[in-house]
Amino acid sequence: MRENKKNTNNNCCFYIVLIIILFANILSAASTISGFIKDKKNGEPISYANVFLKNTSYGAVTNSDGYFYFKTNSVGEFTLMVSMMGYKKVEKEIVIIKDTSQKVNLNMETVTIELGEITKTGEIEKFRQDIRISTINLSNNDLRSSPVVLESDIFRTIQLLPSATAGNDFSSALYVRGGSPDQNLILLDGITVYNPYHLGGVFSTFNTDAVKEANFIAGGFPAKYGGRMSSVLNIVNREGNSKNFEGQGNISLISTKLLLEGPVPKGSFMVAGRRTYFDGLWELIRKPINKKRDDNLPPFPYYFYDLQGKINIDINQKHRTTFSGFFGDDVLSIEETSTEGTREDYDYSYFKFNIDWIWGNRTVSLKHRWIITPNLIGKFSLAQSQFHFDVDIQGEDRYFDSDSNFISENIKLKIFDNITDVSPFVDFVWFLNDKNTIEFGSFYKKIDFNLGLTFDSNNLVDIHSKPSEYGIYFQDKFQPNPLLMIQPGIRLTHYEFKNKTYPDFRLNGKYFLSDKFAINAAVGNVYQFLQTANPETENVRIIDFWYPTSKDQSPSMVYSSILGLEYWYKEKIQIKLEGYYKDFSHLITLDDEFIVAFDSVNNFTEANGYAYGVEFLVKKQLGNLTGWVGYTYSITRKKDGNIWYPPKYDKTHNLNIVAKYDIGNKWYFTSAIVLNTGNPYTQILGKIHMLDDQALDVENDGEKYYFDEIDVYGRKNSERYPNYFRLDIGFNRRGKLFNLKTEFYFHVINVTNHMNVFMYYWMNRDDKVYRQPVPMFPFFPSLGVKFYF
């Protein structure tokens with residue numbers, strides 16, 4: 001019955017699309033001009049380029065694919081002009097014939113603006129053409145604007161924006177407007193990535209050398225995005241150079257990177273890889289040392305790698321197929337072996353212990369873009385995203401007991417958490433007329449969760465579930481006059497575990513006070529059906545254990561509202577002021593006192609919460625000095641039972657200053673200042689000695705009993721760590737080495753060596769409780785080199 005219902009929905013979608021295609025053909029029968037604008041050097045699409053007929057009011061702006069479309073009532077000879085900051089203007093003479101469609105594809109050349117730095121930006125046109133509430137687009141240049149922790153990282157750059165904060169120095173996880181990291185939708189070329197971290201969260205899994213741009217949305221989501229309540233981060237990889245073969249590399253203190261790109265028949269490719277090398281370097285050092293030692297130095301136990309790529313094939317002017325993939329793993333392998341005595345003397349003992357721990361992501365996708373008519377574009381996608389987490393622990397112990405009996409004991413422990421997400425989806429963009437741009441589509445997501453724990457072949461935990469979501473979305477960007485834009489939208493998601501359809505309503509709007517000044521507003525709600533089963537009190541999150549909303553639970557939901565102002569000063573400086581309020585319900589978290597076998601609803605608690613704040617951003621896009629200043633005042637509260645408390649990531653004040661200054665003579669300087677309120681924590685007030693009458697104090701021949709010490713806690717998260725402060729600086733120099741274009745960098749983290757408290761270690765001495773602070777990153781220099789060929 002359910003399958004018939006799905007088939008009926010699919011048939012309905014098919015007929016709706018067919019009607020729209022026929023209708024679009026009728027509407028596009030007037031004179032239309034469409035085409036693609038690309039970079040002449042590498043063939044990359046140029047988004048938000050301004051395309052117009054000279055001396056007329058007809059024109060359009062390219063989308064993220066570099067595509068433009070507009071209608072005109074003009075007939076005869078005209079000059080088609082294309083302009084974009086950072087590129088030379090392009091002009092082409094065309095002849096417009098009544099009621100015909102004309103395709104014009106053009107290439108643009110970059111220009112040098114100041115001191116050798118090429119700056120390309122379409123941000124001002126995005127402001128004028130789109131409703132982009134709580135949205136910041138980070139270019140590859142932005143990712144190089146701040147000093148790095150060993151190497152550049154997308155997540156750590158986003159942590160410097162007003163909407164996001166960091167939990168601590170050891171984590172690149174994003175806490176966005178009162179939300180936890182599992183409430184962020186992380187996409188790589190539109191494909192969900194479930195655990196986007198390396199090294200236990202210190203780095204994200206994304207190689208910034210391969211990234212074209214990152215689109216970060218902290219609220220007011222378009223209807224095409226759903227399933228996460230706090231933010232959307234869509235990371236777009238480079239298309240690959242379709243003109244020439246090129247490459248670049250990067251050697252830092254922690255890893256090496258290599259990127260290759262170039263043309264293929266009718267298209268382009270890009271492949272990029274990264275791997276830590278300390279294990280290999282240590283191997284070269286330890287081998288000669290071990291030849292001179294009786295006891296061998298162990299190998300370095302850890303490394304990570306990632307590999308990502310993309311191939312684009314332009315079948316013809318209407319059809320393009322793209323295949324992309326990402327593969328990355330963290331590998332930890334530890335082995336300890338010891339042997340003492342001999343069997344003949346009955347003092348023989350042998351012990352072996354090893355851990356094999358591997359976790360990582362796999363994503364593959366096949367996408368096809370079809371320009372059905374000049375004003376109707378369809379994108380058809382099939383994607384698979386996998387996350388695997390596998391731990392194998394084995395121990396072997398052989399010895400003689402006191403009665404000279406030979407004992408052999410073995411233990412085997414296996415923990416695994418595997419997620420496979422298969423998602424076909426289709427998206428359409430319909431340029432209905434000069435006032436309406438409609439986006440609609442359908443999606444299906446089938447997820448296979450497999451979580452388990454076995455000990456000596458005994459299944460202690462065995463959870464296997466296959467939730468699915470499917471639905472449709474629709475939104476219309478309606479501009480009734482040049483001063484007003486309205487974008488209503490709806491997203492309907494059917495969650496099979498509950499056998500219920502949940503609606504997400506979206507309404508965004510923009511009113512222009514001038515061509516550089518606008519008021520933005522958004523209201524809406526978002527449902528979330530997946531969450532991580534991690535304790536809220538954990539300080540370090542090495543891995544995310546994802547868990548679907550069960551039949552006995554309600555899906556989490558947030559209602560949010562946003563109001564803001566945006567102003568552009570001389571088209572170079574963006575000034576934004578936004579206020580937001582979010583109301584959370586049915587937040588599902590793992591109980592602090594959870595047991596290992598968390599296969600029961602009883603191990604989870606539901607909470608409500610709210611968050612509100614004001615954010616201020618000044619971002620300079622062009623010139624020899626670029627960067628931003630961001631400040632946030634925010635309050636986040638959650639309700640546990642009848643008690644409201646601030647979650648551990650609540651920070652009342654957050655100030656970030658990021659700057660990049662081109663000094664000249666091939667040098668540029670970067671800096672970042674972070675100042676914010678300390679994180680909340682629960683203070684230990686004292687300890688209680690409890691008499692344990694089940695265990696004797698063996699050291700005193702049973703004359704005394706053990707005393708168990710129980711911590712006495714204060715009110716939950718009622719105290720805060722000291723305020724956080726960090727100053728980072730970096731020096732970069734462009735040049736040439738061995739006929740290769742190079743860039744050397746030297747960065748220092750925490751220049752002032754300020755002691756930021758990560759946590760307190762509590763000690764009991766002389767019947768008193770003392771606390772010892774555990775610091776975050778100290779003064780830490782790093783260096784590296786990039787090279788291009």
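**A tour of one hairpin and two buried residues**

Begin by selecting strands β47 and β48, which form a hairpin with two residues between them. In the turn, Asp766 has a positive phi of about 55°. The model under view is predicted.

Next, extend the selection to residues 757–765 for β47 and residues 768–775 for β48; the two strands pair in the antiparallel sense over eight bridges. To inspect one of these pairings, select Tyr760, whose bridge partner in β48 is Pro773. When viewing the strands, it may be recalled that in a regular strand the side chains alternate between the two faces of the sheet.

Proceed to Lys619, which lies in strand β36, residues 604–620. Is Lys619 buried or exposed? Its relative accessibility is 4%, so Lys619 counts as buried, the cut-off being under 20%. Display side chains here: that of Lys619 makes a polar contact with the side chain of Asp142 at 3.3 Å. Asp142 also belongs to the wider set of residues in contact with Lys619, leaving aside neighbours within four places in sequence. That set further includes Ile136, Asn137 and Leu138, together with Lys572, Ile573 and Gln574, and also Gly627 and Trp628.

Finally, select Ser204, located in strand β15, which spans residues 203–204. Ser204 is buried, with a relative accessible area of 0%. Which residues surround Ser204 in contact, once neighbours within four places in sequence are left aside? They are Asp153, Ile154 and Phe155, then Ser172, then Pro196, Tyr197 and His198, and lastly Arg274.

Technical notes
Residues are numbered from 1 along each chain as its sequence is written. This is a predicted model: local features need pLDDT of at least 70, side-chain atom pairs count only at pLDDT 80 or more; totals for chains, interfaces and linings use all residues. Side-chain values use heavy atoms; hydrogens and water are left out. Helices (H or I, at least four residues) and strands (E, at least two) are DSSP runs, numbered from the N terminus. Buried means under 20% relative accessible area, exposed over 50%, partly exposed in between (1.4 Å probe, protein chains only). Contact means heavy atoms within 4.5 Å. A polar contact is a pair of N or O atoms within 3.5 Å; within protein, one must be able to donate a hydrogen and the other to accept it, and residues adjacent in sequence count only if both atoms are side-chain atoms. Two strands pair if DSSP finds at least two bridges between them.
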